[in-house]
Amino acid sequence: MAHHHPPDPGSRSGAEPDASGSDASDASDAADAAAIVRSRHEPAAFAEIFHRHFSAIHGYAARRLGADAADDIAAETFLAAFNKRGRFDPDRGTVRPWLYGIATRLIGLHRRTEGRRFRALARTPAEHVQHGHEDRVTARVTAGGAGADLADALARLPRGDRDVLLLVALADLTYEEVGQALGLKTGTVASRLHRARRRLRESLGGTNPALIVEETPA
């Protein structure tokens with residue numbers, strides 16, 4: 001199966017507010033919700049969701065599990081979303097975090113694979129990683145930052161804390177969106193993220209690695 005190579009993630013959480021960008025995001029969210037609702041009676045309309053979000057979901061899965069596993073995770077995410085589209089409630093959130101939530105739960109079934117991946121990438125200089133664009137990006141985040149110490153610390157984080165941290169750092173979700181993705185209150189997201197960052201800093205002797213995104217809750 002061909003690998004999909006999404007662009008490097010942006011930095012919505014750290015960027016200056018952009019009214020035009022916010023308007024575009026709102027329009028995209030509305031279009032997503034409309035496509036989901038329409039797909040309940042016209043299943044082919046779900047293709048709009050697939051085309052708009054597949055690359056991002058695949059990229060997120062690839063950064064956590066590698067490109068090969070990401071093919072399956074992304075496909076399973078959209079199959080699950082299609083089957084659950086009748087239960088999606090646009091009044092309770094938007095499609096993007098809903099999809100990331102499905103993907104994160106599927107990734108959770110491979111948490112041992114993820115731990116091995118972090119450690120393997122940390123032992124490999126970023127310039128020597130040859131498994132594709134996603135691996136090179138992850139290598140720069142882990143091995144290029146604090147190396148094996150960071151990878152080991154990430155692997156040892158409780159699953160819930162690691163999911164919150166990586167949804168912010170890799171998927172670029174806001175606290176509210178992470179809450180929507182994982183079914184958590186915003187305060188719980190904030191406390192888990194704070195705890196994950198603190199544990200990483202302690203493991204790294206006080207170093208603040210690039211992965212630990214410093215975001216202020218909206």
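Take the contacts in this protein between residues with a separation of 6 or more: 67% of them come from residues 24 or more positions apart. Keep in mind that you're looking at a predicted model. One pair to look up is Pro90 and Ile36, which sit 54 residues apart along the chain, with 9.0 Å between their C-alpha atoms.

What is the chain built from? The protein has 10 helices and 0 strands, so if you read from the N terminus the elements go α-α-α-α-α-α-α-α-α-α. Of its 218 residues, 44% count as buried. The protein exposes about 10,900 Å², and carbon and sulfur atoms supply 51% of that area.

Now for the aromatic rings. Searching the whole structure turns up 6 aromatic pairs. In one of them, the ring centres of Phe50 and Phe54 are 4.8 Å apart and the planes meet at 35 degrees, so this pair is tilted; the label fits because stacked needs planes under 30 degrees apart and edge-to-face needs over 60. Both residues belong to helix H2 (residues 47–65), and they're 4 residues apart, about one turn of the helix. Which of the two is buried, and which is partly exposed? Phe54 is the buried one, with a relative accessible area of 10%, while Phe50 is partly exposed at 34%. The cut-off for buried is under 20%. Phe50 and Phe54 also join Phe78 in one aromatic cluster.

Another pair to find is Phe88 with Trp98. Here the ring centres lie 5.0 Å apart and the planes are at 45 degrees, so this pair is tilted. Phe88 is in the loop between H3 and H4, whereas Trp98 is in helix H4, so the pair ties together parts that are 10 residues apart in sequence. Phe88 counts as buried at 7% relative accessibility, and Trp98 is buried too, with a relative accessible area of 17%.

Stay with that loop for a moment. Pro90 has its place there, between helix H3 (67–83) and helix H4 (95–108). Is Pro90 buried or partly exposed? At 37% relative accessibility, Pro90 counts as partly exposed, because a residue has to be under 20% to be called buried and over 50% to be called exposed. So the loop holds both Phe88, which is buried, and Pro90, which is partly exposed.

One last ring to check is Phe82: Arg85 lies over the face of this ring, at 3.9 Å from the ring centre.

Methods
Residues numbered from 1 in each chain as written. Predicted model: local features only at pLDDT ≥ 70, side-chain atom pairs only at ≥ 80, totals over all residues. Heavy atoms only, no water. Helix = DSSP H or I, 4+ residues; strand = E, 2+ residues; numbered from the N terminus. Buried < 20%, exposed > 50% of the residue type's maximum accessible area, 1.4 Å probe, protein only. Contact = heavy atoms within 4.5 Å. Areas by Shrake-Rupley, 256 points an atom, 1.4 Å probe, with all protein chains shown as cover. Phe/Tyr/Trp six-rings, centres within 6.5 Å; stacked < 30°, edge-to-face > 60°. Lys NZ or Arg CZ within 6 Å of the ring centre and 35° of its normal.
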